[in-house]
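Colleague: Could you take me through one part of this model up close? I'd like to hear how the helices at the heart of your picture are put together, with the cut-offs spelled out as you go.

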Amino acid sequence: MTTLTHRSPSWLARAEMWLDERGKGAWIAAMVLGFIFFWPVGLALLAYMIWSKRMFNSCATRRKTHSPARSAGFKSSGNTAFDTYKADMLNRLQDEQHAFETFLERLREAKDKSEFDAFMDERAEAAKAPKEDDKEDA
């Protein structure tokens, strides 16, 4: 009769979990150190990162999806009236943000247009000035 015992993960599995917790930068640092100290280790880490697709996954998107603060805003409270109020308020805030961004864009466009018009006026004045000087010399 055999009993199953729960073994702790190997040092490789613990190292992999530790690097995963710290993100892509930790994996890249480990790979660079591997190349510096013993190049086959760096090469093996590079191959593993490519094979496991760790090289191409974005850590930022992983953090966003697992962030408790991010998911708490959309979690149901259990009270439908409050959830409806919260959804309406979030929609209103999103609408206000969109309106404000549109307003800022219009301001930027107006500023750009006024700066461009001022540039063109200065250029036109500069083009007229030498012609008037030439008439006075003649």
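Modeller: Here is a walk through helix H2 and its two partners, H1 and H3.

A bit of bookkeeping comes before the details. The model is predicted, so local features need pLDDT of at least 70 and side-chain atom pairs count only at pLDDT 80 or more, while totals for chains, interfaces and linings use all residues. Residues are numbered from 1 along each chain as its sequence is written, and side-chain values use heavy atoms, with hydrogens and water left out.

The protein has six helices and zero strands, where helices (H or I, at least four residues) and strands (E, at least two) are DSSP runs numbered from the N terminus. Buried residues make up 9% of the 138 residues; buried means under 20% relative accessible area, exposed over 50% and partly exposed in between, with a 1.4 Å probe and protein chains only.

Now to H2 itself. It has 14 residues and reaches 20 Å from its first C-alpha to its last, close to the 20 Å expected at 1.5 Å a residue; the expected span is 1.5 Å times one less than the number of residues. Ala 26, Trp 27, Met 31 and Gly 34 are buried in H2. Looking down the axis of H2, you find these buried residues within an arc of 140 degrees, so they line one face of the helix. That arc is taken from the directions from the helix axis to the C-beta atoms. H1 and H3 are among what covers them.

Take the H1 side next. H1 runs over residues 11-22 and reaches 17 Å between its end C-alpha atoms, close to the 16 Å expected. Gly 23 follows H1, with a positive phi near 95 degrees. The axes of H1 and H2 come within 5 Å and cross at roughly 125 degrees, which makes H1 oblique to H2. For the angles, under 35 degrees counts as roughly parallel, over 145 as roughly antiparallel, 65 to 115 as roughly perpendicular and the rest as oblique. The axes are lines fitted to C-alpha atoms, for helices over the stretch in contact, and angles run from 0 to 180 degrees between N-to-C directions. Glu 16, Leu 19, Asp 20 and Arg 22 of H1 make the contact with Lys 24, Ala 26, Trp 27 and Ala 30 of H2, contact being heavy atoms within 4.5 Å.

On to H3. The axes of H2 and H3 come within 5 Å and cross at roughly 150 degrees, which makes H2 roughly antiparallel to H3. The residues in contact include Trp 27, Met 31, Gly 34 and Phe 35 of H2, and Gly 42, Leu 45, Tyr 48 and Met 49 of H3. Within H3, the buried residues are Gly 42, Leu 45 and Met 49. They cover an arc of only 60 degrees around the axis, which puts them on the same side of H3. These buried residues pack against H2, whereas Trp 39 and Trp 51 are exposed on the other side of H3.

Finally, the core. Leu 19, Ala 26, Trp 27, Met 31, Leu 45 and Met 49 form the largest nonpolar core, a nonpolar core being a set of buried Ala, Val, Leu, Ile, Met, Phe, Trp, Tyr and Cys residues joined through side-chain atoms within 4.5 Å. H2 (24-37) and H3 (39-51) are the elements that give two or more residues to this core, and H2 has the largest share, with three.
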